[in-house]
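Visitor: Could you pick one part of this molecule and take a close look at it with me? I'm in my first year, so please go step by step.

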Amino acid sequence: MSAADEATQDLIARRNRLLGPAYRLFYEQPAQFVRGEGVWLYDTAGHRYLDAYNNVASVGHCHPHVVQAIARQAAVLNTHTRYLHETVLDFAERLLATFPHQVSHVMFTCTGSEANDLALRVARTCTGGTGFIVTANAYHGVTSALTELSPSLGLALPQGSHARLIPAPGSGKNAAEIFAGHVSAALEDMKQSGIRPAALLVDTIFSSDGVFADPPGFLRPAVEAARAAGALFIADEVQPGFGRCGEGMWGFARHGLIPDLVTMGKPMGNGHPVAGMAARPELLAEFGRRSRYFNTFGGNPVSAAAGIAVLDVIAAEGLVANARDTGAYLIKRLTELQARHALIAEVRGAGLFVGVELQRGGPSGTPATAEATRIVNLLRERRVLISSAGRHGNVLKIRPPLVFGPEHADVLVQRLDEALAELVVMSEQ
C-alpha cells in the first residue's frame, strides 16, 4: 500500500471513530479534496477532478464574488431576524422578483430540510389536512417528518402513516395522464381511510426518482387534481431551482404552474447554508395568525449577503442561458453516445440536470444497477464526479455547477465513453 493510500485509510478510520457509522462516503475509493475553483475540485496531490455533480456550488466552487460578499458582511454584522437589518430585506426583494407575483412572501431557513419541514407545517395549518403525496423514490429532507416523505432513504412507511407514495411520472407521451391518475388514486385512498389531504409535494424534476423533465407541462393535471381535493401544491426546488433547468429560475415554470409553496436550499448560497420557503401571502397570513416561526440562523446578514451574491452572478454571467445551451449540447453528445453503447437506454433532462438510464437488454430490459455503480466509480478513477439515482440506482445523475461549459461536457462524454468501453471489456473477461 502506498503512503497516499495509507493516509486515506487513516483519515477514514479517524472519521469513523469521531463521526460514527451513520455517515456515508462517495465512491469505492473515497476522495479527499482540499480546494475548489469553478467546475474543478483538487485533491491532496494536486490532481483536479471535473465536478459534474455538485449543484451546491451552483455558480462554481469558491466564486470570488460570493466569497467576498460573505467575508465583507461577516466583518460587519451577523445576527438574527428578530433585530431589524436591511440585508435580509434586500435579499427577499431580489429573490421574490424571480417568482410569479402571486408568490410574494419568503421565510428563511438554513437547509432545504428545514424549508420543507416548514412547508409541511404551513400546509397542515392552512388545510387542516394531514395527508401528503410524494413519489416512490423521493428525497425531501432528513427531519423526522420528512424522513417519512423521503422513501429514497430506504425506510418503510410506518404503520398508519398518512403519507401516500406514488410512482414517478415516467417519460412517455402519456406521462401527464398517468401521473395525474396516480395522484387521484392516492387522494381516493386517503378519502377511504378518513385522511384529509394537505399537499402534493414534488421535486419538479424528480431528481431522486431518476430525472423526469418532459414533456413540459405534464405536472399540471396532477396539481389540478390535488387542488380539487383541497390539497396544496408544494414545489421542492432545492435541486432543480436557481436556473438549473435552463428555462427561467424555477423548475415549476416549465409546467406552467404557480405553486402554493416553494422550497429552496442547496444552491442558494453557493456552499453557504442558506435555504427558504416562498409562499402565497394568504397562506402565511393564516399560518401567522395560528402559529409562529423562528430560526436563529435563517436569514442572518451573512447568509443573506451570500444569497444576494449568488443572484448577482447568475444574472451577470448569464448562467440560466448557459444551463440551457450547455445542457442541450450535453444531452446531444450523450444521445450520440447512446448510439454506440447498448447499455444506455435513455438520456433525459432539462438544462444542466441530466439522467442517463442504464438497462441490460435495451429500453425494455432490466435495470443495470451494478453497472451504474461501476460506471460512477470508473469515472471517479478518471477524475470525473457524478452519482446515480432512480429507484433501482441505475440512472447516472449529472448535475454540475452552472458554469459548466461545452468544453467540460466534452471531457465528461469522452471519459464516460471510455468507462462504458472498459465495462464491456470487464464483462467479457
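Guide: Happily! Let's begin where α3 passes α9 in a left-handed crossing. Keep in mind that this is a predicted model. Two packed helices are described by the angle between their axes and the distance between those axes. For helix α3 (residues 86-96) and α9, the angle is about 30 degrees and the axes are 8 Å apart. On the α3 side, the residues that meet α9 are Thr87, Val88, Asp90, Phe91, Arg94 and Leu95. Their partners in α9 are Pro301, Ala304, Ala305, Gly307, Ile308, Leu311 and Asp312.

Helix α9 (residues 301-316) also packs against helix α2 (residues 64-74), at an angle of about 155 degrees and with the axes 8 Å apart. Angles over 145 degrees count as roughly antiparallel, and α2 and α9 are therefore roughly antiparallel to each other. This crossing is right-handed. From α2, the contact is made by His65, Val66, Ala69, Ile70, Gln73 and Ala74. From α9, it is made by Pro301, Val302, Ala305, Ala306, Ala309, Val310, Asp312 and Val313.

Now follow the chain to α10 (residues 319-338), a helix of 20 residues. From first C-alpha to last it reaches 27 Å, close to the 28 Å expected at 1.5 Å a residue. Which residues of α10 are buried? They are Leu319, Val320, Asn322, Ala323, Thr326, Gly327, Leu330, Ile331, Leu334 and Leu337. Seen down the axis of α10, these buried residues fall within an arc of 150 degrees, so they line one face of the helix. The general idea is simple: an α-helix has 3.6 residues a turn, so residues three or four places apart point the same way. What covers the buried residues of α10 includes α9, where we started, along with β11 (344-350), β12 (353-360), β16 (395-398) and α12 (406-428).

Helix α12 is home to histidine 408. Residues under 20% relative accessible area are called buried, so histidine 408, at 12%, counts as buried. Leaving out residues up to four places away in sequence, histidine 408 touches Val39, Trp40, Leu50 and Val403. Compare its place with that of alanine 323: the two are 85 residues apart in sequence and 13 Å apart in space, C-alpha to C-alpha.

Another buried residue to find is glutamate 371, with a relative accessible area of 17%. Glutamate 371 sits in helix α11 (residues 369-381). With residues up to four places away in sequence again left out, glutamate 371 touches Leu343, Leu358, Arg360 and Leu423.

For a last helix, turn to α6 (residues 175-192). Its 18 residues should span 26 Å at 1.5 Å a residue, and its end C-alpha atoms are indeed 26 Å apart. The buried residues of α6 are Ala175, Phe179, Ala180, Val183, Ala186, Leu187 and Met190. They cover an arc of only 120 degrees around the axis, which puts them on the same side of α6. That side packs against β5 (131-135), β6 (163-166), β7 (197-203) and α7 (220-228). On the other side of α6, Glu177, Lys191 and Gln192 are exposed. Just after α6, glycine 194 takes a positive phi of about 75 degrees.

Note on methods
Residues numbered from 1 in each chain as written. Predicted model: local features only at pLDDT ≥ 70, side-chain atom pairs only at ≥ 80, totals over all residues. Heavy atoms only, no water. Helix = DSSP H or I, 4+ residues; strand = E, 2+ residues; numbered from the N terminus. Expected span 1.5 Å × (residues − 1). Buried < 20%, exposed > 50% of the residue type's maximum accessible area, 1.4 Å probe, protein only. Arc of directions from axis to C-beta. Contact = heavy atoms within 4.5 Å. Axes fitted to C-alpha atoms, helices over the stretch in contact; angles between N-to-C directions. Parallel < 35°, antiparallel > 145°, perpendicular 65-115°, else oblique. Left-handed = near helix turned anticlockwise from the far one by under 90°.
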